[in-house]
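Work through these short exercises with the structure open beside you. Try each task before you read its solution.

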Amino acid sequence: MRGIDDLEAITTTDSFLGVTFYLNEPYSIAAGVARFGAYGFDGTPSVMFDGVIPHVGGQSTGSMFYAYEPSYNSRRAIASPLLLDALYTVIGTTGTVTVDLKVDVDLPVTTTGNQLLVLVCRDGYHGQSNMVMEMSTPVPVTITTPGETQQITVDFTVDPAWPQEEMQIIALVQSTTTDEMVQAGLAAPDYKADVAVVCEPGGMGAGWTMSGPAGFAMSGAGNHTVSMFFAGEYTLTWDTAPYWTSPTPNPESLTVAEDGSITFTGTYSDGPFSQPLAGDEGDAGPGRTVCLVDYDADGASDLHVVNDGAADLLLHNTAGSFADLATGLAADTGAGCAAAWQDVDGDGHLDYYLGRDGGPCAIHLGDGAGGFTPGKLFGLTATDEVTSASWVDFDLDGLLDLYLTNRGTANVLYRYNGVMGEDYLVFGVTTNGAQIGGNSSGAVWCDIDNDGRLDLYVLTEFGDNVMLQNTPLGFSDITPLTNLGDNGNAADAAWGDYDNDGDFDLFLANDRTADRLWEARAWDNYNWVPGENLEDRGTARSVVWGDFDNDTFLDLYVVRKDDADLLLYGHGDGSFTRVPVGPVETLTAGARVVCGDMNNDGALDLYLVRDGAANVLLNNERGRDNNWLAVHLMGNSANPLAIGSQVRISLGDVSLLRQVDGKGQIVADGSTVHFGLGDATFVYSVEVTWPDGTVSDYGGFDPNHVMTIGQSTGVSNIETEQDVPAAINRLDRARPNPFNPATTIGYAVGRKGHVKLDIYSIDGRHVRTLVDSDLPAGEYTATWQGRDGSGRPVASGTYLYRLTTPEGAMLNGRMVMIK
């Protein structure tokens, strides 16, 4: 109640000592309910000053301070005839308080029926001041004559789960005749020594147990200082922490003398990430977002940090060390809130969209060397608080469009029409079902139905999230069908195939409501995966998938604002192991995270942007224990980052799937996808589905290197077991698509052999075989007239086509017949 809070703020426990009795389960105790009834209150919340002045009711806003202040002042003016001192000790689950009472030499006791009560309280529990957990049996107070003394000892029970710092013991003398409080005070703990526990690194928070004299036993986590009621020998045992080496010695015993102190220091080592000495990447500005992008095309992933009201950073990467080279437009000092990279003007150099809170937005055109000029915009006028920006070719016209989510107004999908007139970048607002929201925190794209069009999942703060299927006729709300309408407080989400079953699952990071992992059972059906570490209720801000230990299974990193970040190692079966990150900087102030192999050692690193605190680079130390493969994609001139591409690799007994999206999920520099291979020593095939639907297949690679695949140039930087160029198989998008009455499918085979091209219905029934013959290596086309194997016209709907290559690889596409 605000009035009580105000009184406590301006007074001390010598003049005002608040005590709370709670009436509702599970916080109530019988004695508190009885006291409430005895005072005759009719209504809650209720306040009683000094046992004689009641107040009932309160205000939902504002303060009752001015109503309470006269009562407080009137009772405070009455001097107490009793002096009270109290000390308490705790041994195991039993506490003992010794209360010394003395009648003031100038003030005889005039009240009758006085008795001593001991209240065992938890201060701050359930947000209350000194919530009473236990109340002793009353003990008569018999002294009345000035100078007379009385000592009373009372035992009480201590729940081991109560935090020591919350415990308050209140000794209270009250008249049973008038209900007046004759005297009250806090008992002081009779501590004999101090024991400190220090856990390194500072962000570990590792658990421990401690034992000591008189049956003392305690469990805790991380750094802690404990005041002890007994001197003597104490023993501390550190818990094991996954992916870390435990401290030595463990356990450890130390002896503390009376009035002395000891410190147990435990240092964990060999953790999953190390923190290099910070350079410019340790900026402590008001970070809002970050992009990992090779802006100068030198093969190293650079960092673009957007700050809100301070200069943005363009951190150039040289062998894993970063230097801020931002000048001019790149060092924007506005209220930055979002950014997304793409070669907007098609000159071969990457540019970026910059969103500002309240506008104006901008597109900065890069020169490939860190210099930027302002783009001339037509039709792009966003001035709202943009919460996310993503480039996406939603209409498959070959040009990347821009989707902005907003806080306060509806989201906007801008169709990009290219460079026109006097070098204007021309945009137009679409009205196709994507303009939803009004309080969106972000959006993530994924082709969940495998029709070549990226579908859209929109995140909402304190509202239902929305799943939109991208169709030739616009966006259709399929939220009820997919079960993805989580109504928590969405902060971020990421698509990833966590169980390696060939389709994309969704992890949803919520702010102060439970996180969620949604597993795809079919393209239109997602099931919630419960789990001990998957339903955290922290203050999430950003999430990314990445195979940090290179064991073939995706892991999760969740950045949080007011809680320690979450590092969850996945095992592919729905279980995740929570692993301490380590550095103290990962405990608070998180804003955004990106992952990528920033030092080119084959292991995914992390960069954390923090709001008003130093940003953090985390180098991966565990990923090098397994094999890996990185695939760098080079798209066409209109989409050089290959946004919208999917890459699937085969290890023989398992296939792994990744995607490139306009947000940079699971990518190193916007267009490099990373695969952990575990102990696999050979990659049998690499299949790329390009944004225009073209499918390329390459086979036979050794692990532990970066391979570059160009949509028009094929493979370079390869290492194959045979040390010869890999065979190229490709399946193109059916054109036209949708079609009526006929469509043509282009394909290529890299080796001579038997080739099949089959048509299937959406439910898997075989419709027709277009090609079934031996062919030499080369490029081919086949035309389907929309008829089945018997020559009958097929019904309108979605059909699948599958190319089977001489090596047995199967490439798939999808097309729609309309009538």
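**Exercise 1.** Decide whether A642 counts as buried or exposed. Then place A642 in the chain and describe its phi angle.

*Solution.* Step 1: the relative accessibility of A642 is 0%. Buried means under 20%, so A642 counts as buried. Step 2: A642 sits in the loop between β48 (627-634) and β49 (646-650). Step 3: phi of A642 is near 60 degrees. That is a positive value in a residue other than glycine. Keep in mind that this is a predicted model.

**Exercise 2.** Do the analysis again for N483: find its loop, its phi and its exposure class.

*Solution.* Step 1: N483 is in the loop between α4 (479-482) and β37 (490-496). Step 2: its phi is positive, about 70 degrees, although N483 is not a glycine. Step 3: the relative accessible area of N483 is 37%. The class between under 20% and over 50% is partly exposed, so N483 is partly exposed.

**Exercise 3.** Which residues does a cis peptide bond join at P201, and which at P360? Locate both prolines.

*Solution.* Step 1: E200 and P201 are joined by a cis peptide bond, with omega about -5 degrees. P201 lies in the loop between β12 (193-200) and β13 (207-212). Step 2: G359 and P360 are also joined by a cis peptide bond, and omega is about -5 degrees. P360 belongs to the loop between β25 (351-356) and β26 (362-366).

**Exercise 4.** Give the strand order of the open sheet with 4 strands, and explain what is special about its edges.

*Solution.* Step 1: the order is β20-β21-β22-β23, with antiparallel pairing. Step 2: β20 (287-293) and β23 (321-324) are the edge strands. Each has a single partner strand, so one side of each lacks a neighbour in the sheet. Step 3: neighbouring strands are turned by 25 degrees against each other on average, direction ignored. Step 4: look at one pair. β20 and β21 (residues 302-307) pair antiparallel over 6 bridges. C291 has H304 in β21 as its bridge partner.

**Exercise 5.** Which members of the largest nonpolar core touch the most other members, and which domains contribute?

*Solution.* Step 1: this core has 57 residues, and Y353, W391, V631 and V686 touch the most other members. Step 2: strand β24 (residues 336-342) supplies the largest share, 5 residues. Step 3: domain 3 (273-628) and domain 4 (629-710) each give at least three residues to this core. Step 4: a second, separate core has 36 residues, including W244, Y268, F273 and L608.

Methods:
Residues are numbered from 1 along each chain as its sequence is written. This is a predicted model: local features need pLDDT of at least 70, side-chain atom pairs count only at pLDDT 80 or more; totals for chains, interfaces and linings use all residues. Side-chain values use heavy atoms; hydrogens and water are left out. A nonpolar core is a set of buried Ala, Val, Leu, Ile, Met, Phe, Trp, Tyr and Cys residues joined through side-chain atoms within 4.5 Å. Buried means under 20% relative accessible area, exposed over 50%, partly exposed in between (1.4 Å probe, protein chains only). Helices (H or I, at least four residues) and strands (E, at least two) are DSSP runs, numbered from the N terminus. Domain bounds come from an automatic or database domain assignment. Two strands pair if DSSP finds at least two bridges between them. Axes are lines fitted to C-alpha atoms, for helices over the stretch in contact, and angles run from 0 to 180 degrees between N-to-C directions.
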